[in-house]
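Subject: Structure handed over, with notes on what was found

Dear colleague,

I am passing this structure on to you, and I would be glad if you could open it before reading any further. My notes follow directly after it, arranged by topic.

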Amino acid sequence: MQKPNLIISATLVVGAVLGIGAATAADLPARTYTKAPTMVAAVYDWSGFYIGANGGWGSSRKCWDINANNPGVGPFIGQAEGCHDATGGAAGGQVGYRWQSSAWVFGVEAQGDWANLRGSSISALNPGAIDQTKVSAFGLFTGQVGYAWNNTLFYLKGGAAVTSDRYDHFFTAGNVFVNGGNENRWGGVIGVGLEYGFTPNWSAAVEYDHMFMGDRIVDFRSALGTITDQDRIRQNVDLITVRLNYRFGGGGPVVARY
């Protein structure tokens, strides 16, 4: 009878197969599980020195009054001559520094522009005379505070402003010069802007500024240099500019750490 021998043989074969499988499994490295890397966002860095250029359009509101000290004006003392807007283009540059704390951005800036804001009106007191105004330049010295959404920055600014002004009287007939005056006028400015960083170092912005230049007494001189007239002139300026800035340093965006 060979059945017992067959059973024993089959048992030995199964045992050998199971032993080989166990040994092979023991030689395999343990399975390891790796965690997928955490996604992080690149945060735009607004910190650093920057320099840029700007250009745009401005309007200066001028209102003229005969000054109380005006020589020889008689019954016209203290009366209004009228108002007009001096409008035109402006172009220049700016330099500044910003530093960022979380999403808040703080900065200081100086801006200087050449301008060609011109306007005139016929005097309400003397229809034979023209009051003419020109703003040839202005400067802004401001502090900034803003809030950044990554590479988009909304900011407010405020500080001091200075304008270079020219005033002239002409006769209506023939546009003949009567007298004129110059001044550099200091005042205040507030503004608001929206800036977008389109590369790690380059950004573009649109900005609106309003200058509060107050009123001043201006001496008008004849062609011979003699003071022949005085006017009290009130002035405000509205300015809209497009700006392009280059920020030094940084080398690229900062990676947020979570």
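A residue counts as buried when its relative accessible area is under 20%, as exposed when that value is over 50%, and as partly exposed in between. Please keep in mind throughout that this is a predicted model. Val135 gives a simple case of the rule, because its relative accessibility is 1%, and so it counts as buried.

This residue is found in strand 5, and its contacts, leaving aside residues up to four places away in sequence, are with Ser60, Lys62, Ala115, Asn116, Leu117, Thr163, Ser164 and Asp165. One of these partners shows how the fold brings parts of the chain together: Val135 and Thr163 are 28 residues apart in sequence, while their C-alpha atoms are 6.9 Å apart in space.

As for the whole protein, it has one helix and 10 strands, and from the N terminus on the order of these elements is α-β-β-β-β-β-β-β-β-β-β. Of its 258 residues, 37% count as buried. If one takes the contacts with a separation of 6 or more, 69% of them are between residues 24 or more positions apart.

Next comes the interior. In soluble globular proteins, nonpolar side chains tend to be buried together. In this model the largest nonpolar core has 13 residues, and those that touch the most other members are Leu117, Phe138, Leu140, Ala161 and Met211. Two or more residues of this core come from each of strand 3 (80-101), strand 4 (104-122), strand 5 (129-149), strand 8 (202-221) and strand 9 (227-247), and the one that gives the most is strand 5, with three residues. Phe138 is worth selecting on your screen, since beyond residues up to four places away in sequence it touches Ala90, Gln111, Gly112, Asp113, Ala115, Val162, Thr163, Met211 and Leu239. There is also a second, separate core of seven residues, among them Tyr44, Trp46, Val105 and Ala148.

Which residues line the largest cavity? They are Tyr44, Trp46, Tyr50, Arg98, Glu195, Asn201, Trp202, Ser203, Asn245 and Arg247, and by class they divide into four nonpolar, three polar and three charged residues. Strand 8 and strand 9 each supply at least two residues of this lining. The volume of the cavity is about 50 Å³, and the structure holds one cavity of 30 Å³ or more.

Finally, there is the matter of cysteines. A disulfide is a covalent bond between the sulfur atoms of two cysteines. The count here comes to one disulfide, which joins Cys63 to Cys83 with an S to S distance of 2.0 Å. Because Cys63 lies in strand 2 (residues 48-66) and Cys83 in strand 3, the pair ties together parts that are 20 residues apart in sequence. The torsion about the S-S bond of Cys63 and Cys83 is about 110°, and therefore the disulfide is right-handed. Are its two ends buried or partly exposed? Cys63, at 11% relative accessibility, counts as buried, whereas Cys83, at 34% relative accessibility, counts as partly exposed.

With best wishes,
A colleague

Terms used: Residues numbered from 1 in each chain as written. Predicted model: local features only at pLDDT ≥ 70, side-chain atom pairs only at ≥ 80, totals over all residues. Heavy atoms only, no water. Core = buried A, V, L, I, M, F, W, Y, C linked by side-chain atoms within 4.5 Å. Buried < 20%, exposed > 50% of the residue type's maximum accessible area, 1.4 Å probe, protein only. Helix = DSSP H or I, 4+ residues; strand = E, 2+ residues; numbered from the N terminus. Contact = heavy atoms within 4.5 Å. 1 Å grid on protein atoms, 1.4 Å probe; cavity = no way out; pocket = protein on both sides within 12 Å on 5 of 7 lines; lining within 4 Å. Points joined across faces, edges and corners; volume = space filled by probe spheres on them. Nonpolar A, V, L, I, M, F, W, Y, C, P; charged D, E, K, R; others polar. Disulfide = S-S within 2.5 Å.
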